[in-house]
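Colleague: I am new to this structure and would like a close look at a single part of it. Please take the helix that lends most to the ligand's surroundings, and then follow the chain outward from there.

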Amino acid sequence: MNRFETIANNLAEQIRAGQIPVGTKLPSLRQIIAQYGVSQSTGFRAYYLLEQWGLVRAEERSGYFVTPGAAINAVSAEKPVEAPKKVDISDLVFSVLESTRHPDIVPLGSAFPSPKLFPSARLLKSLVAGTRSLTPWSTVEDLPGSDQLRQQIRLRYVATGFAVAPEEIIVTSGALEALNLCLMAVTRPGDVVAVESPGFYAALQAIERLDLRAVEIPVDPVSGLDLDALRDALEQHPIRACWFMPNFQNPTGTSLTVEKKRKLVEMLREKQVPLIEDDVYQELHFSRERPLPAKAFDTEGLVMHCSSFSKTLAPGYRIGWATAGRYADKVRRLKLMTTLSACIPAQAGVADYLEHGGYDKHLRSLRSSLHVQLEQMETALHKWLPSSVRWTRPDGGYMLWLQLAQSVRAMELHALASERGISIAPGPMFSARHAFQNCVRLNFGHPWEARFENAIASLAEILDDPEVHEC
Ligand SMILES: Cc1ncc(COP(=O)(O)O)c(C=O)c1O
């Protein structure tokens, strides 16, 4: 065991035994250095490890404090979850996201594609045109949402091959708000929600915030969500809602077949459990056809389909939507009660763009860029990384889920990569149990440049460092 791990383990034992109670400030880094006779970086890494275990939280300029979740996190990350559990993921997610924010950092851990791939100038033209067509009254009358935009969104469903009623569509501030409102509409504190494992960390954060409990359903990087495990979970637990991504799942990139989507909807229909469907990458498919969402098989309004223009057009405009089936009224009310409306000028701009801006042409070019970038990323991965590293080629989106050697600890890899100016998204971010210690998610949504190739080469070097491997 390394020195920093010994220190972290000592402190963890005391925290778990209650000898260092929740809320207590831990000794300063300087004290740790003096007490154990170690370097500053060893002391820092010990605290970093405690933070990644969710036992402590760093407070700016104050030091490290024992988190309220310390008792829950005493469960080993490798133990399978047998019962629904409370979630404590935000500290870990925020600490990782914080380290990826600097503009000079190589954004392999980012959740967005490069803004260079978006038609900003054309969209600006639509923003001007759309805003010009607003009357002073429409900025008030269009609250809570623009009919023109909802009509455009409805047409995209028609083009995908099925119809939704315009009243079902609620415009939101990005998909994240849509997903959160849908979750709020169908749960109460203490309820159990089924999520994917690995899955999008924002689902875990929403569950944590709303004081719900999560049951993790395994996702296979090739075949996707394990429907047998879901069936068992539905038998065993009072699941109130599911939050899944049937298309280009984050972080694995995998999609369910049409047959599995149909089965999923049928299984949930039998139990009358609502599905919150996150479909933000639907338009980023590499095959000819836009994949159907699970919503296409919903006959009872149980599926709440959520998406946005953040991954395809304009993340900063924050325009998303929920097509919320039988829960639409409830979601609409929640929207009114929380933020009233998404920004009216941004809605007008996006609606104008969808009507006149050539969205489908832009999407064709975006998809083709992402596809090429995937090839470039894969070439670099084959060139630099050990042959033991595994990934499944996604058929859309811009994420690659890498499974590294079993001994690799992704949080260590992340820490050392950050020191070299490279962000990656470590596996434990995508699990309520902080599992997937040997996995990382890489973003290939940026036009390929030498710095990406260099970053992959650096990751290979770091992987040679014994410190990233469990002894
Ligand atoms: C899987 C997934 N769902 C939803 C969102 C949120 O999208 P938006 O930016 O539209 O709120 C993200 C953004 O990172 C995402 O990756």
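Modeller: What follows starts at the ligand, moves along the helices linked to that site, and ends with some loops and single residues. The model is predicted.

The shell around the ligand takes its largest share, 3 residues, from helix H8, which covers residues 174–186. There are 13 residues around the ligand, and those that come nearest are Ala111, Gly174, Leu176, Ser308 and Ser310. Sorted by class, the shell around the ligand holds 7 nonpolar, 5 polar and 1 charged residues.

H8 also packs against another helix. In general, two packed helices are described by the distance between their axes and the angle between those axes. For H8 and helix H12 (residues 328–338), the axes come within 9 Å and cross at roughly 115°. The crossing in which H8 passes H12 is right-handed. On the H8 side the residues involved are Leu181, Cys182, Met184 and Ala185, and they meet Lys330, Val331, Leu334 and Lys335 of H12. The contact of H8 with H12 has 6 nonpolar residues, no polar ones and 2 charged ones.

After H12 comes a loop. Leu340 is in the loop between H12 and H13, and has a positive phi of about 65° although it is not a glycine. Leu340 counts as exposed because it has 9 C-beta neighbours inside 10 Å, and the cut-off for exposed is 12 or fewer.

H13 has a helix partner of its own. The axes of helix H5 (residues 120–132) and H13 come within 7 Å, crossing at roughly 115°. This crossing of H5 and H13 is right-handed. From H5, the residues Leu123, Ser126, Leu127, Ala129, Gly130 and Thr131 meet Pro345, Ala348, Gly349, Ala351, Asp352, Tyr353 and His356 of H13. By class, the contact of H5 with H13 is made of 7 nonpolar, 5 polar and 1 charged residues.

H13 also appears among the elements that pack against helix H14. H14 runs over residues 359–384, so named by its place in the count from the N terminus. With 26 residues, H14 reaches 37 Å from its first C-alpha to its last, close to the 38 Å expected at 1.5 Å a residue. Its buried residues are Tyr359, Leu366, Leu370, Gln373, Leu374, Met377 and Ala380. The buried residues of H14 pack against helix H13 (344–356), strand S13 (399–403), strand S16 (439–443) and helix H16 (450–463).

Helix H15 (residues 410–419) is mostly covered, with 7 of its 10 residues buried. They are Ala410, Met411, Glu412, Leu413, His414, Ala415 and Ala417. Just after H15, Gly421 takes a positive phi of about 80°.

Some features of the backbone lie in loops. The peptide bond from Ser197 to Pro198 is cis, with omega near 0°. Pro198 belongs to the loop between strand S5 (192–197) and helix H9 (201–209). Another cis peptide bond joins Asn250 and Pro251, where omega is about 15°. Pro251 is in the loop between strand S8 (239–244) and helix H11 (258–271). The loop between S8 and H11 also holds Phe248, which is not a glycine yet has a positive phi of about 45°. Phe248 is buried because 25 other C-beta atoms lie within 10 Å, against a cut-off of 20 or more.

Two more residues round off the picture. Ala214 is in strand S6 (residues 213–220) and counts as buried, because it has 26 C-beta neighbours inside 10 Å. Beyond its neighbours within four places in sequence, Ala214 is in contact with Pro84, Lys85, Val87, Val193, Val195, Leu204, Ile207 and Ala432. From Ala214 to Thr131 the separation is 83 residues in sequence and 42 Å in space, C-alpha to C-alpha. Thr131 is one of the H5 residues in the contact with H13.

Gln236 is in helix H10 (residues 227–236). With 13 C-beta neighbours inside 10 Å, Gln236 counts as partly exposed. Gln236 and Thr338 lie 102 residues apart in sequence and 34 Å apart in space, C-alpha to C-alpha.

Key. Residues are numbered from 1 along each chain as its sequence is written. This is a predicted model: local features need pLDDT of at least 70, side-chain atom pairs count only at pLDDT 80 or more; totals for chains, interfaces and linings use all residues. A residue is near a molecule or strand if its C-beta atom, placed from the backbone, lies within 6 Å of it. Helices (H or I, at least four residues) and strands (E, at least two) are DSSP runs, numbered from the N terminus. Ala, Val, Leu, Ile, Met, Phe, Trp, Tyr, Cys and Pro count as nonpolar, Asp, Glu, Lys and Arg as charged, and the others, Gly among them, as polar. Axes are lines fitted to C-alpha atoms, for helices over the stretch in contact, and angles run from 0 to 180 degrees between N-to-C directions. A crossing is left-handed if the near helix is turned anticlockwise from the far one by less than a right angle, and right-handed if clockwise. Two residues are in contact if their C-beta atoms, placed from the backbone, lie within 7 Å. The expected span of a helix is 1.5 Å times one less than its number of residues.
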